[in-house]
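Dear colleague,

I am handing over a structure that is new to you, and I would be glad if you could look through it alongside the notes below.

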Amino acid sequence: VIVGDSHLRNWADAWLNGVRKLRLVDLDDNGRGPFLFDIVKFVAVTRSQRLGLKAYELFEMYHLGLREEKKDKPDFLEEALDQSKKSKKKDVEDFLKKMTDGDSIVFGEKTDLYPIEDGQPEIYEMYQKAKLSFKLALKDYTILEKAVRLKKTGGTRRPRFWYLVEDNKGKKQLIEFKQVGDSALSAFAPQADFISRMNEAMDTYWKGERDPNYLAIQVGQQNYIMRPGYKGFIDFTDLKSEEKKQEARQMLLHIAYHMGRMVARQNSAALYIEAINDNPDLTSKLVNDFASQYLQKITGHWATSTRVIKNPR
């Protein structure tokens with residue numbers, strides 16, 4: 001079981017059953033594939049960010065995780081995960097203040113949320129097919145209002161349906177239903193159905209933990225991830241300052257370590273880990289070489305696309 005698309009912003013502090021934990025928060029592309037591919041792609045993507053990390057540094061942390069050796073979390077990450085339940089309440093309240101005006105969602109450019117009825121016909125049709133499944137998933141809440149947000153992912157604008165809900169104690173929160181496509185790992189081999197992939201990912205990357213606010217939903221050929229909306233403590237959307245870049249470097253090294261630990265949990269990884277332990281220097285070189293080839297292939301493709309596609313929109 002591999003991530004398929006591990007990068008800096010796919011790992012974050014997530015509230016699971018009332019406790020803040022570091023988790024892989026984007027499970028779209030997980031599935032079955034070569035263990036080595038996962039770390040190679042992660043190294044390639046990390047190098048493309050030009051933060052000064054070397055392939056061997058990332059591999060060393062990954063290998064540490066494979067051996068299940070103890071490693072302390074970076075200080076800034078410890079601070080994020082040590083936030084109290086009171087801070088969760090503040091996270092939710094701050095997010096609600098930004099996205100709503102109490103009982104209603106704020107529409108427009110400030111939130112990038114719009115009435116579903118005002119959207120494109122195909123988006124409205126998609127919503128009509130899925131709304132009963134969404135309502136069933138929210139059976140423990142009173143639905144106050146709905147909206148849609150479009151986010152460009154991999155060249156495709158995928159809808160995210162947002163619900164403002166209230167529980168039986170009068171507490172409000174936003175719940176997102178993110179529409180996702182097929183796993184990127186489908187290029188390697190046919191993958192299991194979406195719900196099976198999500199459950200396998202949670203078993204592997206979340207240590208089997210489940211939270212009722214995180215669900216996988218299938219509606220015909222469409223797949224959705226249900227998850228709560230709030231602003232996490234860890235945010236790497238802006239890497240302009242040197243302090244933030246340093247935190248990003250520390251986080252990326254910790255992700256590499258965490259990826260190794262997640263592989264070590266799997267019985268199918270025994271021979272893979274044994275081979276790496278027998279010759280870590282050779283494996284480190286292979287990871288570096290494969291990551292370089294991956295980057296050359298991708299950047300060459302982008303360069304060609306830029307020349308051919310005159311209007312990127």
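A polar contact here is a pair of N or O atoms within 3.5 Å, where, within protein, one atom must be able to donate a hydrogen and the other to accept it. Please keep in mind that this is a predicted model.

With that definition in hand, helix α6 may be a good place to begin: at its start, a side-chain oxygen of Asp 193 reaches to within 3.3 Å of the backbone nitrogen of Ile 195. The helix itself covers residues 194-205, twelve residues in all, and reaches 16 Å from its first C-alpha to its last, which is close to the 16 Å expected at 1.5 Å a residue. Its buried residues are Phe 194, Arg 197, Met 198, Ala 201, Met 202, Thr 204 and Tyr 205, and α6 is followed by Lys 207, whose phi is positive, near 55°.

Asp 26 is found in the loop between β2 (19-24) and α1 (35-48), and it counts as buried because its relative accessible area, 16%, is under the 20% cut-off. The side chain of Asp 26 reaches the backbone nitrogen of Asp 28 at 3.3 Å, while a polar contact of 3.1 Å joins the side chains of Asp 26 and Lys 178.

Leu 113, in the loop between α4 (85-99) and α5 (121-137), is likewise buried, at 0% relative accessibility. Leaving aside neighbours within four places in sequence, Leu 113 is in contact with several residues, among them Met 99, Phe 107, Val 148 and Trp 162.

With best wishes

Key: Residues are numbered from 1 along each chain as its sequence is written. This is a predicted model: local features need pLDDT of at least 70, side-chain atom pairs count only at pLDDT 80 or more; totals for chains, interfaces and linings use all residues. Side-chain values use heavy atoms; hydrogens and water are left out. Helices (H or I, at least four residues) and strands (E, at least two) are DSSP runs, numbered from the N terminus. Buried means under 20% relative accessible area, exposed over 50%, partly exposed in between (1.4 Å probe, protein chains only). Contact means heavy atoms within 4.5 Å. The expected span of a helix is 1.5 Å times one less than its number of residues.
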